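Hi,

Here's the structure I said I'd pass along. Have a look at it first, and then read on for my notes.

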Amino acid sequence: YQIKTSILSILARLAFYNPVPHGSKSIVNVLLCEIVWLYQLPKMDPILTDFRDALFDALSHYARYVEYVYRHHWDELMTQMSADRQRNFKKKLDKFLWRIQNRLNGGLEAQNIDTITLYLSILADYIRTCSTRVM
């Protein structure tokens with residue numbers, strides 16, 4: 001995990017300068033999978049805490065990018081979109097929040113309290129560590 005933490009630290013620094021490189025896939029899904037895995041562990045030791053912090057640090061740059069797009073490019077992006085497309089674009093602009101919301105909805109439909117608790121804990125830490133004015 002120290003190697004993964006070092007890699008995430010480098011990724012976070014790179015994301016600071018270019019959060020979503022042109023033509024690349026978002027790594028939000030990979031980060032979310034790692035975070036879910038960490039939160040499902042019965043006990044988190046200090047090495048894993050550093051790893052979790054590195055994951056959220058990498059995500060914080062994406063959260064700032066979402067805020068930048070929303071604050072500076074929103075009007076120009078929305079001019080060519082239909083109302084439905086605008087709504088879907090807005091929901092998916094922050095892919096991490098969108099994924100969490102979908103998984104929370106699935107947990108609510110299945111009435112699975114463990115799933116709901118897991119994703120609410122992740123959401124709380126995301127809001128605490130990656131907060132933006134768009135949220």
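A quick definition before the notes: I call a residue buried when its relative accessible area is under 20%, and exposed when that value is over 50%. Bear in mind that this is a predicted model.

I spent most of my time on helix 6. This helix covers residues 95-110, 16 residues in total. From first C-alpha to last, helix 6 reaches 23 Å, close to the 22 Å you'd expect at 1.5 Å a residue.

Its buried residues are Phe96, Trp98, Ile100, Leu104 and Gly107. As for what they pack against, the partners are helix 2 (28-40), helix 3 (46-72), helix 5 (83-92) and helix 7 (113-129).

Both ends of helix 6 have something to look at. At the start, aspartate 94 has a side-chain oxygen within 3.2 Å of the backbone nitrogen of phenylalanine 96. Just after the helix comes glutamine 111, with a positive phi of about 55°. Most residues other than glycine have a negative phi. Glutamine 111 sits in the loop between helix 6 and helix 7, and because its relative accessible area is 71%, it counts as exposed.

Then there's aspartate 125, over in helix 7. Is aspartate 125 buried or exposed? Its relative accessible area is 15%, so it falls on the buried side of the cut-off. The aspartate 125 side chain makes a polar contact of 3.2 Å with that of arginine 128. Leaving aside residues up to four places away in sequence, aspartate 125 touches Tyr39, Phe56 and Cys130.

Cheers

Conventions:
Residues numbered from 1 in each chain as written. Predicted model: local features only at pLDDT ≥ 70, side-chain atom pairs only at ≥ 80, totals over all residues. Heavy atoms only, no water. Helix = DSSP H or I, 4+ residues; strand = E, 2+ residues; numbered from the N terminus. Expected span 1.5 Å × (residues − 1). Buried < 20%, exposed > 50% of the residue type's maximum accessible area, 1.4 Å probe, protein only. Contact = heavy atoms within 4.5 Å. Polar contact = N/O pair within 3.5 Å; in protein donor to acceptor, adjacent residues only side chain to side chain.
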